[in-house]
Amino acid sequence: MKILQDLNVDLHTHSTASDGSLSPSQLVLRAIDHGVDILALTDHDTVSGIAEGLEEAKGTGLTFIPGIEISTMWGGSCIHVVGLDIQFNNPNLREALLQIQKGRFQRAERINLALIKAGLPSMLERALSISGGKGQIGRVHFARAMVQENICEDVRDVFSNYLVKGKPGYVEHYWPSLKNVVSLILKANGLPVIAHPARYKLSYNLLTYMFEEFVSLGGVGIEVATGSHSSADIERFKNVSMEYDFKASRGSDFHSPSESRYDVGRAPYLPDCLLPIWANIEVRG
Ligand code: AMP
Ligand code: MN
Ligand code: MN
Ligand code: MN
């Protein structure tokens with residue numbers, strides 16, 4: 001029997017239900033192919049891929065965990081919170097996600113206007129069609145549209161030239177508060193986890209306040225080994241995890257074979273000294 005630390009666990013992945021390029025079924029098959037034992041699908045602000053993923057994983061050796069990655073606001077910064085093992089049919093969660101989706105659509109219209117103002121043709125129709133028309137539109141869909149239109153060479157280029165703060169296609173947006181999102185996840189019986197903590201441009205003090213608030217709200221874990229972290233980041237957040245008694249999570253943040261740094265199941269492993277968050281999930285059955 002494999003011990004907890006040795007399981008190949010990937011608790012942060014995306015599908016076509018948000019800004020990934022593989023369908024939930026394709027993602028599950030790829031995970032099985034890569035020897036993944038436990039997989040969570042954590043699309044941005046939507047659970048619309050979960051049913052398909054569960055169905056594909058049925059009868060295989062792969063444990064599929066319903067999850068989500070929700071964009072939140074804390075202290076003026078956008079913080080991503082992963083919710084693991086959520087009741088994905090929870091009515092309050094569904095209603096809140098619908099509201100976030102409306103906000104995403106309105107933001108897309110504002111992004112489009114900002115790009116037009118910068119001299120580009122309208123990208124909205126193409127971005128919407130790339131997003132699959134399911135309402136879950138994000139910056140990645142604009143980036144792919146702009147690559148298709150030969151405005152930039154790749155998605156990364158579009159982000160750094162157009163879609164990040166200070167660039168012409170960046171617009172401010174108000175996501176729900178960290179507090180409301182943690183409460184939403186807890187009420188859907190999920191485990192709230194701070195995604196890729198090294199990515200936020202917060203000072204040491206602000207990050208400390210954020211973690212303290214997250215603990216007081218009922219937050220359970222942080223991602224330590226993720227596709228967004230360098231080995232120095234892993235070491236840093238290993239220490240944070242021990243200091244706050246956080247459960248540690250591992251996830252590739254896989255979006256697409258051609259765009260992502262780590263493929264599904266291929267992120268670095270967790271440092272041995274940490275308690276993996278999947279211990280909680282197994283106990284919860
Ligand atoms: P959104 O939630 O629509 O604001 O888009 C955020 C998503 O954009 C992230 O989840 C990543 O998939 C992607 N992203 C963010 N920054 C970059 C970047 N610098 N290069 C490529 N993709 C990025
Ligand atoms: Mn994404
Ligand atoms: Mn994220
Ligand atoms: Mn992600």
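Student: Where in the chain is His 255 placed?

Tutor: Start with the elements on either side of a residue. In this predicted model, His 255 falls in the loop between β7 (247–251) and α10 (278–284).

Student: Is His 255 buried or exposed?

Tutor: Burial is read from the relative accessible area, and buried means under 20%. His 255 has a value of 13%, so it counts as buried.

Student: Which residue far away along the chain can I compare with His 255?

Tutor: Sequence separation and distance in space are two separate readings. Take Leu 27: it is 228 residues from His 255 along the chain, and 9.5 Å separate the two C-alpha atoms.

Student: Which residues coordinate the manganese ion (ligand 2)?

Tutor: For a metal site, list the donor atoms, then their positions along the chain. The manganese ion (ligand 2) is coordinated at 2.2 Å by OD of Asp 19, NE2 of His 44 and NE2 of His 255. The spacing of these donors is D-x24-H-x210-H. His 44 lies in the loop between β2 (38–41) and α2 (50–57), and His 255 in the loop between β7 and α10, so this pair ties together parts that are 211 residues apart in sequence. Both histidines, His 44 and His 255, are buried.

Student: Which residues are the protein donors of the manganese ion (ligand 3)?

Tutor: Read this site in the same order. Its protein donors are Glu 69 through OE, His 80 through ND1 and His 196 through NE2, at 2.1 to 2.2 Å from the ion. Along the chain they follow E-x10-H-x115-H. His 80 belongs to strand β4 (residues 77–84), while His 196 is in the loop between β5 (191–194) and α8 (204–217), so the two tie together parts 116 residues apart in sequence. His 80 is buried at 13% relative accessible area, and His 196 is buried at 1%.

Student: Which residues coordinate the manganese ion (ligand 4)?

Tutor: The manganese ion (ligand 4) has His 12 (NE2), His 14 (NE2), Glu 69 (OE) and Asp 253 (OD) as donors, at 2.1 to 2.2 Å. Their spacing is H-x1-H-x54-E-x183-D. His 14 sits in the loop between β1 (9–10) and α1 (24–33) and Glu 69 in strand β3 (residues 63–74), so this pair ties together parts 55 residues apart in sequence. His 14 is buried, with 0% relative accessibility, and Glu 69 is buried with 1%. Glu 69 appears in the donor list of ligand 3 and in that of ligand 4.

Student: How far apart are the manganese ions (ligand 2) and (ligand 3)?

Tutor: Distances between ions place the sites relative to one another. Ligand 2 and ligand 3 are 5.8 Å apart. Between ligand 4 and ligand 2 the distance is 4.6 Å.

Student: Which residues surround ligand 1?

Tutor: A ligand is read by its shell, its polar contacts and its cover. The shell of ligand 1 consists of Asp 19, His 44, Arg 104, Arg 107, Gly 138, Arg 139, Val 140, Phe 159 and His 255. Helices α3 (91–117) and α5 (139–148) each supply at least two residues of this shell. An oxygen atom of ligand 1 is 2.6 Å from a side-chain N or O atom of Arg 107; for Arg 104 the corresponding distance is 2.9 Å, and for Asp 19 it is 3.3 Å. Alone, ligand 1 exposes 500 Å², of which the protein buries 80%.

Student: Where does ligand 1 sit?

Tutor: Ligand 1 occupies the largest pocket.

Note on methods: Residues are numbered from 1 along each chain as its sequence is written. Chains are lettered from A and ligands numbered from 1 in the order in which they are written. This is a predicted model: local features need pLDDT of at least 70, side-chain atom pairs count only at pLDDT 80 or more; totals for chains, interfaces and linings use all residues. Side-chain values use heavy atoms; hydrogens and water are left out. Donors are N, O and S atoms within 2.8 Å of the metal (3.2 Å for Na, K and Ca); water is not among the atoms, so sites may look incomplete. Helices (H or I, at least four residues) and strands (E, at least two) are DSSP runs, numbered from the N terminus. Buried means under 20% relative accessible area, exposed over 50%, partly exposed in between (1.4 Å probe, protein chains only). A residue is near a molecule or strand if one of its heavy atoms lies within 4 Å of it. A polar contact is a pair of N or O atoms within 3.5 Å; within protein, one must be able to donate a hydrogen and the other to accept it, and residues adjacent in sequence count only if both atoms are side-chain atoms. Accessible areas come from the Shrake-Rupley method with a 1.4 Å probe; for residues, only the protein chains shown count as cover. On a 1 Å grid over the protein atoms alone, a cavity is a set of points where a 1.4 Å probe fits but cannot get out, and a pocket is an open set with protein on both sides within 12 Å along at least five of seven lines; lining residues have an atom within 4 Å of a point. A molecule sits in a cavity or pocket if more than half of its atoms lie within 2 Å of its grid points.
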